[in-house]
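Reader: I would like a close look at one part of this model, namely its aromatic pairs. Please take the rings one at a time, and then add whatever else can be said about contacts between helices.

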Amino acid sequence: MYSIDLNSDLGESFGVYKIGGDEEILKYVTSVNIACGFHAGDPAVMHRTVEVALLNKVAIGAHPGLQDLIGFGRRNMAITPKEAYDIMVYQIGALYGFVKAEGGKMHHVKPHGALYNMAAKDEKLAEAVAEAVYKVNPEMILYGLSGSEIIKAGEKIGIKTASEVFADRTYQIDGTLTPRNQKDALITNKDEAVIRTCNMIKNKKVMCQQGREIDIKADTVCIHGDNQNAIVFAGKITEQFKEEGITIKAF
């Protein structure tokens with residue numbers, strides 16, 4: 001009765017600095033979002049991550065972010081829609097080159113961090129993000145926060161969209177994610193994460209931080225690769241999905 005894509009943000013190491021357990025998380029997910037060098041990653045990391053993703057037969061997507069390596073792309077920056085468009089095209093193209101060189105195919109695009117959250121609320125930024133995906137390749141899927149301006153912009157321009165929910169993040173009453181600098185933005189209890197995720201998939205509801213259930217659509221579930229509990233989350237959630245009759249497959 002139910003099916004879901006399970007995605008994770010990978011390739012976020014840089015030079016000699018290793019972030020996340022990419023090889024382990026690939027055992028559970030059906031799609032991956034690979035950093036493109038602005039917020040994390042570098043050419044060698046991108047190349048290696050594409051190779052292992054293809055070996056594991058998962059859908060590959062670009063994960064473009066703000067040009068903020070020190071802040072990991074999680075700090076808001078005042079950028080124009082044109083600048084958003086340009087950095088999206090630039091980064092999608094960089095990853096596309098590695099995917100094509102390895103004989104693979106780009107499946108989707110998912111903005112990262114602050115760019116993702118800014119575009120989720122800002123109609124003009126969202127339209128720039130969607131236009132960049134459309135003009136590079138209108139067959140790619142645009143991943144965006146469920147109910148956000150990103151999803152609306154993608155639908156408006158005529159590309160396929162995937163509404164994303166988060167296993168390890170809490171929500172505000174307007175459907176946005178709780179900012180990371182606020183208390184209880186992250187869910188560290190794996191059992192709570194599993195219960196919430198199944199509820200989002202089966203009942204299309206999530207409890208927000210204001211104590212009310214809000215509507216939500218779940219096409220794909222994100223488990224952050226840099227979360228220290230990512231592997232535990234992935235194992236527990238996939239186990240519960242089997243019991244709940246939820247099939248895991250790429251969107």
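Author: What follows covers the aromatic pairs, then a helix contact, then a single glutamate. The model is a predicted one.

The count of aromatic pairs comes to two. In one of them, the ring centres of Phe38 and Tyr90 are 5.4 Å apart and the planes stand at 40°, so this pair is classed as tilted. The two residues come from distant parts of the chain, 52 residues apart. Phe38 sits in the loop between strand 2 (31–35) and helix 2 (43–55), while Tyr90 belongs to helix 3 (residues 81–101). Their surroundings can be read from the accessibilities. Phe38 has 13% relative accessibility and therefore counts as buried, the limit being under 20%. Tyr90 has 57%, and because exposed means over 50%, Tyr90 counts as exposed.

Tyr116 and Phe166 also form an aromatic pair, with 5.9 Å from centre to centre. The angle between their planes is 85°, and the pair is edge-to-face. This pair, too, links distant parts of the chain: Tyr116 lies in helix 4 (residues 113–121) and Phe166 in strand 6 (residues 161–166), with their positions 50 residues apart. Tyr116 is buried, at a relative accessible area of 3%. Phe166 has 3% relative accessibility and counts as buried.

Next, the helix contact. The axes of helix 7 (residues 190–203) and helix 8 (residues 230–244) come within 10 Å and cross at roughly 45°. That angle makes helix 7 oblique to helix 8. The crossing of helix 7 past helix 8 is right-handed. On the helix 7 side, the residues in contact are Lys190, Asp191, Ala193, Val194, Thr197, Cys198, Ile201 and Lys202. On the helix 8 side they are Val232, Phe233, Lys236, Ile237, Gln240, Phe241 and Glu244. Sorted by class, this contact of helix 7 with helix 8 has eight nonpolar, two polar and five charged residues.

Last, the glutamate. Glu127 is part of helix 5 (residues 123–136). With a relative accessibility of 23%, Glu127 counts as partly exposed. Leaving aside residues up to four places away in sequence, Glu127 touches Ala153 and Lys156. The C-alpha atoms of Glu127 and Tyr85 are separated by 8.8 Å, and these two residues are 42 residues apart along the chain.

Note on methods
Residues are numbered from 1 along each chain as its sequence is written. This is a predicted model: local features need pLDDT of at least 70, side-chain atom pairs count only at pLDDT 80 or more; totals for chains, interfaces and linings use all residues. Side-chain values use heavy atoms; hydrogens and water are left out. Axes are lines fitted to C-alpha atoms, for helices over the stretch in contact, and angles run from 0 to 180 degrees between N-to-C directions. Helices (H or I, at least four residues) and strands (E, at least two) are DSSP runs, numbered from the N terminus. Angles under 35 degrees count as roughly parallel, over 145 as roughly antiparallel, 65 to 115 as roughly perpendicular and the rest as oblique. A crossing is left-handed if the near helix is turned anticlockwise from the far one by less than a right angle, and right-handed if clockwise. Contact means heavy atoms within 4.5 Å. Ala, Val, Leu, Ile, Met, Phe, Trp, Tyr, Cys and Pro count as nonpolar, Asp, Glu, Lys and Arg as charged, and the others, Gly among them, as polar. Buried means under 20% relative accessible area, exposed over 50%, partly exposed in between (1.4 Å probe, protein chains only). Rings of Phe, Tyr and Trp (its six-membered ring) pair if their centres lie within 6.5 Å; planes under 30 degrees apart count as stacked, over 60 as edge-to-face and the rest as tilted.
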